[in-house]
Amino acid sequence: MDSIALDIRDVSKRFGKFQALSHVNLAVRRGDIYGLIGENGAGKTTLMRLITALSPLQSGSISLLGEPVGSGQRALSRTGAIIESPAAFSKLSVEENLKLCAIQHGLSGSSDIEEAISFVGLEAKRKAKAKHLSLGQRQRLGLAMAILHHPDFLILDEPINGLDPTGIMEFRRLLQELNERRQTTILISSHILSELYQVSTRFGIIHKGRVVQELTRAELDAANRSGLLVEVDQAPLAAQILDQAGIGPFDVNDDHHLLIRSQEVDPAQVNVLLVRGGVMVSDVSRQEGSLEQYYLNLMAQQQVMDEEGQR
Ligand SMILES: Nc1ncnc2c1ncn2[C@@H]1O[C@H](COP(=O)(O)OP(=O)(O)OP(=O)(O)O)[C@@H](O)[C@H]1O
């Protein structure tokens, strides 16, 4: 079986003169929970709409579950999606919305509906109209509608928007369960990067319509485990001492901070070395980066590149 569930190649999309996506390449492997990250207007929803054929492809190709998007409905019938907001009918109850969804998917019998209701924990609200549900309950209904037909691939655009911390945690648990129990591959976008970090196995960062980086969680962790931050009274002298002792690589952040970019260095050894060399050390701490920090650094670099490109 092909290990790539979604293969996006050289996809561009224009709205009139506006270039919303530009030569996008992106691959989601089967079993991934792929976190799509980007600022407002970066192009995440546009990409998701192209994948689900809600919007026509203008150039490039998208292969979903081994089938080119646009060639038929087979891959899409094995896909579930919440794009922009869950598409429940407000005057229909939870059960009625799911029944309608079941008909659309050609499902007969009530077992799939029961399973979806119980999976998202909406048993007590089965008779409630969608408009009377809380935001979190509506998001759960959206998820129930998206997974009713046991899709192999799930596309979720900002599914945790507006949820409270408990709701976010529960939603995360549901996604992890889907991924582990049903082997559902998931493409998810969110601005809540701490949450995306916890749930995703792989990340794609999109900026102004271009995918500027793809990396696994392990790669992110490696890049982020940024080493030992040393706070001193004189960073230049500390740098000389570290250099002579062959400790590094390191960055001199400013007059009082150095970052030794290695996991192998012993903080106690660094401390003793610097103090013996006449440097006052006020702090040595392990520096663990976050997805948020990584993303902000990358965006700062992009900003510089964008500005240089404009000159
Ligand atoms: N139908 C459309 N017509 C014209 N412009 C559009 C259309 N759809 C999207 N755009 C523009 O394309 C850009 C990308 O929008 P998109 O909704 O994909 O961003 P996003 O990354 O999902 O942002 P957000 O995080 O705010 O949801 C935006 O500048 C948007 O205004």
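The shell around the ligand in this predicted model comprises 4 nonpolar, 6 polar and 1 charged residues. The residues concerned are F15, F18, A20, G38, N40, G41, A42, G43, K44, T45 and T46. Two elements, β2 (18-29) and α1 (44-51), each give two or more residues to this shell. Of the elements, α1 provides the largest share, with 3 residues.

At the level of the whole protein, the assignment divides the protein into domain 1, covering residues 4-221, and domain 2, covering residues 226-287. The C-alpha centres of domain 1 and domain 2 are separated by 45 Å.

The packing of one pair of helices was also examined. Two packed helices are described by the angle between their axes and by the distance between those axes. For helix α4 (residues 111-120) and helix α5 (residues 135-147), the angle is about 140° and the axes are 9 Å apart. Angles over 145 degrees count as roughly antiparallel and 65 to 115 as roughly perpendicular, with the remaining range above 35 degrees counted as oblique; α4 and α5 are therefore oblique to each other. Their crossing is right-handed.

The contact between these helices involves A116, I117, F119 and V120 on the α4 side. On the α5 side, R140, L143, A144 and I147 take part. By class, the contact of α4 with α5 contains 7 nonpolar residues, no polar residues and 1 charged residue. Under the classes used, Arg counts as charged, and the charged member of this contact is therefore R140 of α5.

Technical notes. Residues are numbered from 1 along each chain as its sequence is written. This is a predicted model: local features need pLDDT of at least 70, side-chain atom pairs count only at pLDDT 80 or more; totals for chains, interfaces and linings use all residues. A residue is near a molecule or strand if its C-beta atom, placed from the backbone, lies within 6 Å of it. Helices (H or I, at least four residues) and strands (E, at least two) are DSSP runs, numbered from the N terminus. Domain bounds come from an automatic or database domain assignment. Axes are lines fitted to C-alpha atoms, for helices over the stretch in contact, and angles run from 0 to 180 degrees between N-to-C directions. A crossing is left-handed if the near helix is turned anticlockwise from the far one by less than a right angle, and right-handed if clockwise. Two residues are in contact if their C-beta atoms, placed from the backbone, lie within 7 Å.
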